[in-house]
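Let's take a walk through this structure together. Have a look at it first, and then we'll go through some of its parts.

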Amino acid sequence: MRRTTRKLLDRALTLSACFAVALMAAFLLFVLAPILVKGASAYLFRATAEHRRMMRDQFGRGDAGQMRAERAAVLEARRPLYEAMAAFERELAEMPAARRRELRPAFQEVREGIARLLGPEPGAPLPALTRRLYGQTRWDRARIQADRILFEETWDYSGERGVRVRAPREPLFEGTALAPVFPMLRESLSPMLRPRLTFYPRFLTDKSFDAHFFGGIGPEVMGTVYLALGAMLIAVPLGIVAAIYFQEYARNGPMLSFLRSCVNTLAGVPSIVFGLFGLAFFINTLKVSPGKSVLAGALTLALLVLPTVIRASEEAIAAVPRSYKEAALALGAGQWRTILTVILPAALPGILTGTVISMGRAAGETAPIIFTAAVSVGRLIRPSELLAQPTPALSWNLYNLCTEHEAVDEIRHVQYGMAATLVAIVLLLNLTAIVIRARVARKLKG
Amino acid sequence: MATGEHILLTAREARKRKLFGLLGRSLLLLITSVAALAVLAIIFFIARDALPFFSGGRSAAFFLSTAWYPTHEPPQFGAAAIFVGSLLVTAAAVVLAVPPGVCAALCMSDILPFNVRQVLKPVIEMLAAIPSVAYGFFALVVLAPLLQEQGGRLLAAAWWTLALPALGLAAVVGADLLTPAELPERAHNVLRAALTLLFLAAASVILVVVGRVLAAVRIASGVNALNASVILGVMALPTIVSVSEDALQAAGRELREGSYALGATRAETLVKVVIPAAVSGIFSAVLLGIMRALGETMVVWMASGNAAQIPKPAYNLLLPVRTLTATIAGDMGEADQMTGSAHYHVLFAMGLSLLIFSFACNLAGEWIVARQRKRLRGG
């Protein structure tokens with residue numbers, strides 16, 4: 001082969017390999033960026049006066065005097081709108097019957113839309129659902145809601161696929177008393193809702209109410225923390241003991257290789273099978289709890305992360321220099337004392353790294369807790385209920401909110417917030433592990 | 001001890017120590033066995049709850065029929081379509097993920113400078129830890145609407161990104177290879193330029209035609225086998241890259257230096273020396289990727305559409321499918337009320353099938369590693 005051809009082939013390989021890395025990076029960015037960016041908008045967003053009113057009512061936050069002043073200003077800005085609606089209602093009563101029949105349903109839609117946008121009309125009876133007590137709490141949702149009032153959305157199925165048609169509502173009410181409402185919604189929505197950039201860090205810890213329409217993700221976060229900590233509490237002692245046995249006690253032989261391949265096989269079991277096992281064994285056979293519970297979930301997750309913990313601890317123990325052990329033995333310490341006072345302390349950072357990584361895995365898993373620990377609707381559980389009560393958890397509730405919620409589109413920000421929080425928790429745990437590992441490497445280098 | 005009078009142990013104390021040592025040792029063994037034997041307990045309990053289904057004489061229909069009506073009266077448990085769905089999604093994910101994964105591993109182990117690799121490696125391991133439900137959320141909320149509304153354009157864009165560099169490279173390299181080497185310098189250059197132009201023209205025709213065809217594709221539903229496979233592929237990528245890179249690294253410096261010393265280029269060294277030496281490790285990476293994709297629940301549950309049907313034709317990834325894991329997760333919802341019913345047992349039968357498949361993968365992996373070890377020892 002010619003030399004130039006060989007050079008060309010060499011370049012071709014280099015290029016395609018670098019292209020693959022770039023492609024992978026681009027794709028992962030494509031997946032992660034929307035989750036993290038939109039997830040951040042659950043914490044930092046333009047909140048309307050309705051948000052502040054809701055916070056004051058439900059959580060008792062905010063200054064009462066300021067709140068009253070703002071409420072007065074907002075109602076003042078909304079007054080022309082409500083007056084126009086009242087005037088139109090009077091006008092409607094005097095219209096000929098045919099015209100009235102035409103306009104009344106459309107007016108009802110506008111009126112309901114406005115109640116959703118701004119909250120119940122002053123003086124109207126309070127609605128039963130909490131979500132109807134307040135208008136749109138987020139400015140982005142408010143814009144969408146205003147758009148829904150301005151335009152009527154229908155689907156045109158005359159073609160092979162349905163096409164969305166947006167028809168403005170304004171022409172229908174041309175010349176009536178309701179006509180000024182539409183320009184108001186278009187142009188002066190801002191004084192009616194007073195959007196203000198708000199940082200809402202307590203999204204992480206607040207309880208939610210009325211099916212996540214308002215509030216935060218506190219119960220889910222705590223559920224995830226309980227499950228992950230519980231799993232580690234069970235898996236870490238077991239894992240360390242097994243690692244000590246494998247590294248310090250076991251002699252090569254069929255027994256050791258059998259135990260080892262058992263651990264390897266455990267690592268390959270699909271996570272959903274762990275869930276089935278948790279249901280069949282911990283709940284239906286051992287009956288650790290009457291039904292799903294944090295305890296059953298933590299036990300199941302502990303099994304799932306056990307191989308990782310064992311492997312990491314083994315590596316950490318194997319990395320302890322031989323001379324440490326020999327020095328301890330030479331000083332007259334027994335094997336037990338050597339392990340407890342010399343080997344384990346030296347291996348501790350490595351074990352910690354493995355533990356932290358496993359904790360991230362346990363926090364992120366969904367499939368094993370579906371049948372053993374997770375519920376869709378739940379409150380924050382108290383530590384005393386951990387043994388017998390199921391809990392909401394970030395991973396499961398994220399699935400539940402984006403597939404089974406009655407108003408999936410209206411709580412997108414909560415879903416993104418949950419996804420981003422979960423990803424951030426897992427990535428932070430992994431980052432911690434990397435930092436610990438780097439420190440240990442530096443220390444070992446001297 | 002401190003005064004030095006008890007340097008030697010009395011016989012009694014020695015016995016005591018020996019006894020305690022033995023006791024501790026057995027305790028350790030006991031705890032280790034609990035940890036290690038958990039897997040046996042898993043097999044036992046999954047099989048125990050799966051057996052009532054198989055002993056009911058419905059196993060033939062389970063594997064062969066596609067009629068999956070678990071809540072009808074009488075219920076029908078034909079899971080063939082679900083098995084096909086699982087295999088289809090897994091196979092597509094592996095086909096999508098392995099070539100870029102191995103290329104990326106090559107790039108990281110042999111092409112990028114050392115300090116870039118030092119940074120990239122932990123980043124990739126971090127990406128492997130991202131929870132699957134987050135990927136599923138992305139598939140359902142971002143990718144599915146995109147596929148449904150812009151499906152054709154998205155497919156065409158993917159085709160252009162992948163095929164443009166591939167076909168371009170193939171045209172240039174092919175022209176060079178096909179030009180006879182014996183020609184004088186000048187004639188060689190002219191012929192090569194002509195061939196390159198010809199191939200590039202052909203490549204652009206293919207690019208445009210296929211791109212047009214793909215752009216005209218309309219996707220009825222954004223949640224389908226393609227969506228699930230793409231996301232599963234992305235999920236499996238970090239694992240594949242990380243494990244293959246370890247294998248390529250383990251091939252060692254001496255092999256590479258020997259090859260370079262003989263005058264080989266980097267590409268020749270990689271393709272003819274390093275990859276053959278690392279092939280068992282790369283196989284393990286692929287097996288791990290398969291296991292990850294097959295056992296994954298949340299992504300397929302959220303993104304595959306969950307329709308228990310065999311797509312027609314079977315390679316049509318644009319139709320929704322249903323997988324084993326998603327069926328277990330979705331149907332076990334009312335587990336508390338279901339315990340003991342035929343529906344409960346059929347889901348355990350699916351779990352058992354998954355378990356057996358993952359054991360097969362594990363065994364294959366161990367066999368490959370053992371064979372490689374034997375070969376390296378000089379067989």
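Two strands count as paired if DSSP finds at least two bridges between them, and strands (E, at least two residues) and helices (H or I, at least four) are DSSP runs numbered from the N terminus. In chain A, strand β2 (residues 151-156) pairs with β3 in the antiparallel sense over 6 bridges. One of the pairings puts Glu153(A) opposite its bridge partner in β3(A), Arg166(A).

Before going further, a word on the model: it is predicted, so local features need pLDDT of at least 70 and side-chain atom pairs count only at pLDDT 80 or more, while totals for chains, interfaces and linings use all residues. Residues are numbered from 1 along each chain as its sequence is written, with chains lettered from A and ligands numbered from 1 in the order in which they are written.

Is β3(A) buried or in the open? A residue is buried if 20 or more other C-beta atoms (placed from the backbone) lie within 10 Å of its own, exposed if 12 or fewer, and partly exposed in between. Of the 6 residues of β3(A) (residues 163-168), the number buried is 0, so this strand lies largely in the open.

Two non-glycine residues of chain A have a positive phi, and here is where they sit:

| Residue | Phi | Place in chain A | C-beta neighbours inside 10 Å |
|---|---|---|---|
| Arg194(A) | about 50° | loop between α7 (189-193) and β4 (196-199) | 19, partly exposed |
| His212(A) | about 65° | loop between β5 (208-209) and β6 (214-215) | 24, buried |

Now for where the chains meet. The contact (C-beta atoms, placed from the backbone, within 7 Å) takes 75 residues from chain A and 74 residues from chain B. On the chain B side, helix α1 (residues 11-55) gives the most, with 17 residues. That side divides into 56 nonpolar, 12 polar and 6 charged residues. Here Ala, Val, Leu, Ile, Met, Phe, Trp, Tyr, Cys and Pro count as nonpolar, Asp, Glu, Lys and Arg as charged, and the others, Gly among them, as polar.

Staying in chain B, the axes of helix α9 (residues 266-295) and helix α13 (residues 342-376) come within 9 Å and cross at roughly 170°. That makes α9(B) roughly antiparallel to α13(B) (an angle over 145 degrees). The contact of these helices has 11 nonpolar, 6 polar and no charged residues.

One last stop in chain B: a cis peptide bond joins Lys312(B) and Pro313(B), with omega about -10°.

Methods:
Contact = placed C-beta atoms within 7 Å. Axes fitted to C-alpha atoms, helices over the stretch in contact; angles between N-to-C directions. Parallel < 35°, antiparallel > 145°, perpendicular 65-115°, else oblique.
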